[in-house]
Amino acid sequence: MTLLDFARGPALYWSTLIMVCGLVWRLAGVALLPFRPDRSAAGPQSRGRVRGALGTIVSRSLPRRTFLARTFATVVVGYAMHLGLLIILLGGAPHILLVAQATGLSWPSLPKGVVALASAVTLVTLVFVLVRRCTHPVLRLLSNFDDFLSIVLTLVPVATGILLAEETVLPYRTLLTWHILSVEAMMIWLPFGKLSHVVFVFAGRAVSGAKLGKRGATT
Amino acid sequence: MKPRDTLGQKLAGYGISRRALLKFAAAAATSLALPPGVAPAIAESLSGARRQSLIWLSFQDCTGCLESLTRSDAPGIERLIFDFISLDYQETLMAAAGAAADETLVRAARDNHGKYLLAIDGSVPTAEGGVHSMVGGRTNMDMLAELAEGAAAVLAIGTCAAYGGIPKAAPNPTSAVGIADLVKEKPIVNIPGCPPIPEVLTGVLVNFLTFGRLPDLDDLGRPLAYFGTTIHDQCYRRPYYDQGKFAHSFDDEGARQGWCLFELGCKGPTTRNACASLKWNGGTSFPIQSGHGCLGCSEPDFWDKGSFYTSLSGGEGPPWDAVGGAAAVGLGIGGAAAFAARRSRAAVDRQLAKEWQRDHGATATSKTEEDGP
Ligand code: SF4
């Protein structure tokens, strides 16, 4: 069995199962915790739980005007990276093909050039994020292994994916092998580290938004 | 020297001019990735070459390789070079049978000891001492060990001989292996393909007749000149791949337009062979040109790489019931973790209640704060 066979066979099989198991574990672990009943009275400006939850999901995704001047670069880089990843994942023809072959679901792909541009932007932002985390004195102090691993495990699939799409530097087989293996490494780590924000980010915002919305606090 | 003892004499007998031989030598030099300047030297060596003894054994095979090579439509000098080879033993092609055939083999091996080429198609079964494939009461393993010992070089013809091929496919009931797994002391060239391209065998023979050695090989023992690039790199549908134009099914508009077959499972990007340049049936066509993706038949274990129709970007992921099982396990672990958290919280609540009672007397309620910050 070649490394590529391993990547397309057992590694794909087990990394998918580990990711599914891990995500359900993490979500169930939080969802089944005892809910503390909110006994506070609804405030005069209460928006209700549902509107509060939905509003917070949106409002926390937008930059704060007060801090915008200071955080502009972070906001732009964050947006570019996340949008880039979304375009690569949902717009790249080989990724749609993978989903289609696994689930039967399919949608039109974006032109190769658009995905290439998004990939380039994502790669640059990821490198920037990594370098900044390594060099910024405060960020470095706040960072742990999880932070670095999560960035690297996102960066490597993007880098190998770009080389693979352009079929350059290394043979196609080598690039395909390492691209698939690096994605699988990310899938395995996804539920257990900071990458789990993929599923927790909106759920977390919704919970606090519901609570604050009922009380009428601005978020 | 007997009449027509050299290739040059034989070719002259067939009415092939020296000029035609030079032309062939130039083509051979190109296909073997040699500089064009060596063509006259190749022609010289070829015309002076003597008949090369070749012993051909068929092991665990389907005879497809032999069919492909003998029925190849390669006319002209390539064909004559095949004719020029002294095929001293080949069970399927020879007239002799039984003891007479055995004698031929013994004589050929003895008379040309150390000089003959040993060609093999088919894999070698090794389970139960190799009894799954025997010729004249002898296992393939035995015959290989004995005949490889006296060979100048070994040609593993076809994917089965090169890497085990279809007999080695899971669950490999006969523990089939390729030649290189058993023969360690002799130079071996793998000419894989299911079947292999006849012109590649000719090229290897020309190389041997000219230089007295096997051509340069890649890391899987294949002649670099023919297996140096992927099908994908030579494919005429490649521009469509680069433009992202794919056939989604075998009968859609993309298929009719001749677009790239990647999505239909083409293994061209990971397969090294010369199909796209040499093509088949005298250069007529090759699978991709006929509308079907490459199966990757010249690669080891091509039979066990999942469906021929799963694209390279896909793979053998888990079935839905396994995914459901994983989710159930996750739910179990998450539920257990939450349960443990509830229990420890209840213990803390009880402890707090106890402390409250102790501090505030029996009349106070044991209610603890229920809402978090
Ligand atoms: S048909 Fe196959 S070999 Fe040809 S370009 Fe498409 S993927 Fe590559």
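Which helix of chain A gives the most to the lining of the second largest cavity? Helix α1, residues 3-8, is the one, with 3 residues. Keep in mind as you look around that this is a predicted model.

**View 1. Two cavities turn up in this model.** The count comes to 2 cavities of 30 Å³ or more. The largest cavity has a volume of about 110 Å³, and the second largest comes in at about 90 Å³.

**View 2. The ligand sits in the largest cavity.** Let's walk around the lining of this cavity. Chain B supplies His232(B), Cys235(B), Arg237(B), Arg238(B) and Tyr241(B). Then come Cys260(B), Leu261(B), Phe262(B) and Cys266(B), and Gly268(B), Pro269(B) and Ile288(B) finish the list. Sorted by class, that lining has 8 nonpolar, 2 polar and 2 charged residues.

**View 3. A shell of chain B residues surrounds the ligand.** Try spotting a few of them: Tyr241(B), Phe262(B) and Ile288(B) are among the residues around the ligand, and so are Arg237(B) and Arg238(B). By class, the shell splits into 8 nonpolar, 2 polar and 2 charged residues.

**View 4. The second largest cavity is lined by 13 residues.** Nearest its centre lie Arg173(A), Lys267(B), Thr270(B), Lys305(B) and Leu312(B). How many of the lining residues here are charged? The lining has 6 charged residues, along with 4 nonpolar and 3 polar ones. Back to the opening question: helix α1 of chain A puts 3 residues into this lining.

Note on methods: Residues are numbered from 1 along each chain as its sequence is written. Chains are lettered from A and ligands numbered from 1 in the order in which they are written. This is a predicted model: local features need pLDDT of at least 70, side-chain atom pairs count only at pLDDT 80 or more; totals for chains, interfaces and linings use all residues. Side-chain values use heavy atoms; hydrogens and water are left out. On a 1 Å grid over the protein atoms alone, a cavity is a set of points where a 1.4 Å probe fits but cannot get out, and a pocket is an open set with protein on both sides within 12 Å along at least five of seven lines; lining residues have an atom within 4 Å of a point. Grid points are joined across faces, edges and corners, and a volume is the space filled by probe spheres set on the points. Ala, Val, Leu, Ile, Met, Phe, Trp, Tyr, Cys and Pro count as nonpolar, Asp, Glu, Lys and Arg as charged, and the others, Gly among them, as polar. Helices (H or I, at least four residues) and strands (E, at least two) are DSSP runs, numbered from the N terminus. A residue is near a molecule or strand if one of its heavy atoms lies within 4 Å of it. A molecule sits in a cavity or pocket if more than half of its atoms lie within 2 Å of its grid points.
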